[in-house]
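Here are a few exercises to work through with the viewer open. Try each task before you read its solution.

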Amino acid sequence: MIVEDSLVVRELLRYIVSKDPRLELVAAVASGEEALAAIAGARPDVISMDIRLPGIDGLETTRRIMAERPTPIVVVAGAVEDAGLHISMNALRAGALSVVEKPVATTHAGYEVVANEICTQLRIMAQVPVIRRRSIGSEWNARNGLAAPASVPVPASALGQQPAMLGIAASTGGPPALARVIGALPKDFPLPILLVQHMGPAFMDGFAGWLDSVVPLPVAIARDGERAEAGRVYVAPGDRHLELGSNCILRLIDSAPVSGQRPAATVLFRSMARQLGASGLGVLLTGMGEDGALGLADMHAAGAQTVAEDESTAVVYGMPAAAVRLGAARAVLPLDRVAPHLLRLAMPGGATGGAP
């Protein structure tokens, strides 16, 4: 189902979908109200969602759909509107799975790339099982029949060498998961944080700005040659790998994609294994595919602490599952338990708390 108020864009999306034999259009509506009214009869496998809608906007429409009739949602957004990008990121937090650029005219040089990405995302996300949105803690409780603890005891033997840096990566379902984990870390968190999130290059600045607005720690796109400082979050830019160099210097490189991704989590984690050895700390969260698993395995082999998100909370249990299969994760934890675990490792004796 297409939800788009602009007749021109709606017809262009209709055309793009019609050209892909693996997609079938069941409805095309111009407002959130129409979408909510049509969804029961249309029963779409996936929804293309505009954010700037008259009346009920795309964010509220996403919230209602995920609460009442959970369906995979792909946000189709303009890439240059800061306010629109912020709303798009909040839609991801509300349950949408990914965000892609709005299509441009068929005569535009970038049309084929944008059209192909839209169809690819719609096909992939249609396969993702979704559930009614609840808080992560209550979801974990319901699935496991007990309360998620506020803190996670870490045996002294597991603490090992004091971590010097945290690397964290995610793909599908990543923005809300990252906000949950990083948002639970205090302003005096003693480690630099290097972050890889798979997302279209046009949206990375908006993603970093949104994350900066919802977590206590300062967040910015990483710059080549800058030194990573404690208590700051450095986001890999769109379409460039982020590596850790010597003396905590960040490097941005244009080498080939790894596991189909650039930036790739495996590139980041492998550089941390080389530079930090046992003093690295790596976390792999929700995401489709296997990126990050091999890199996390390298960190594990170097003696670093490594964490993979548990299947019970992962939106897509692809990347963390690959790490678990490789034996690359020293800890496999539901999302609400990741931040307390990181605090115990990074601030032994001084951290309590959990996710807010």
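## Exercises on a predicted model

**Exercise 1. Which residues of α13 are buried?**

Solution. Start by listing them: Val338, Ala339, Pro340, His341, Leu342, Leu343, Leu345 and Ala346 are the buried residues of α13. Next, recall that buried means under 20% relative accessible area. Now set the list against the helix: α13 covers residues 338–346, and 8 of its 9 residues are buried, so the rest of the structure largely encloses it. Keep in mind that this is a predicted model.

**Exercise 2. Work out the strand order of the open 7-stranded sheet, and find its edges.**

Solution. Walk across the sheet and you get β8-β9-β7-β6-β12-β13-β14, paired in parallel. The strands that pair on one side only are β8 (219–221) and β14 (331–333), so those are the edges. Going from one strand to the next, the twist averages 20°.

Now zoom in on one pairing. Strands β7 (residues 193–197) and β9 (residues 233–235) run parallel and are joined by 3 bridges. In that pairing, Ile193 sits opposite Val233 of β9.

**Exercise 3. Which strands do helices α8 and α9 lie across?**

Solution. Take α8 (residues 174–183) to begin with: it lies across β6 (165–170), β7 and β9. Its direction makes an angle of about 165° with β7. Then do α9 (residues 204–214), which lies across β7, β8 and β9. Here the angle is about 170°, taken against β8.

**Exercise 4. Track down the backbone oddities in the loops around β10 and β11, starting with what to expect.**

Solution. As a baseline, most peptide bonds are trans, and most residues other than glycine have a negative phi.

- Step one, the peptide bond: Arg262 and Pro263 are joined by a cis one, with omega about 10°. Pro263 belongs to the loop between β11 (250–253) and α10 (265–276).
- Step two, Asp239: its phi is positive, about 65°, though it isn't a glycine. You'll find Asp239 in the loop between β9 and β10 (241–244).
- Step three, Asn247: this non-glycine residue also has a positive phi, near 60°. Asn247 is in the loop between β10 and β11.

**Exercise 5. Are Asp239 and Asn247 buried, partly exposed or exposed?**

Solution. Exposed means over 50% relative accessible area, with partly exposed between that and the 20% cut-off for buried. Asp239 comes out at 37%, so it counts as partly exposed. Asn247 reaches 58% and therefore counts as exposed.

Notes: Residues numbered from 1 in each chain as written. Predicted model: local features only at pLDDT ≥ 70, side-chain atom pairs only at ≥ 80, totals over all residues. Heavy atoms only, no water. Pairing = 2+ DSSP bridges. Helix = DSSP H or I, 4+ residues; strand = E, 2+ residues; numbered from the N terminus. Axes fitted to C-alpha atoms, helices over the stretch in contact; angles between N-to-C directions. Contact = heavy atoms within 4.5 Å. Buried < 20%, exposed > 50% of the residue type's maximum accessible area, 1.4 Å probe, protein only.
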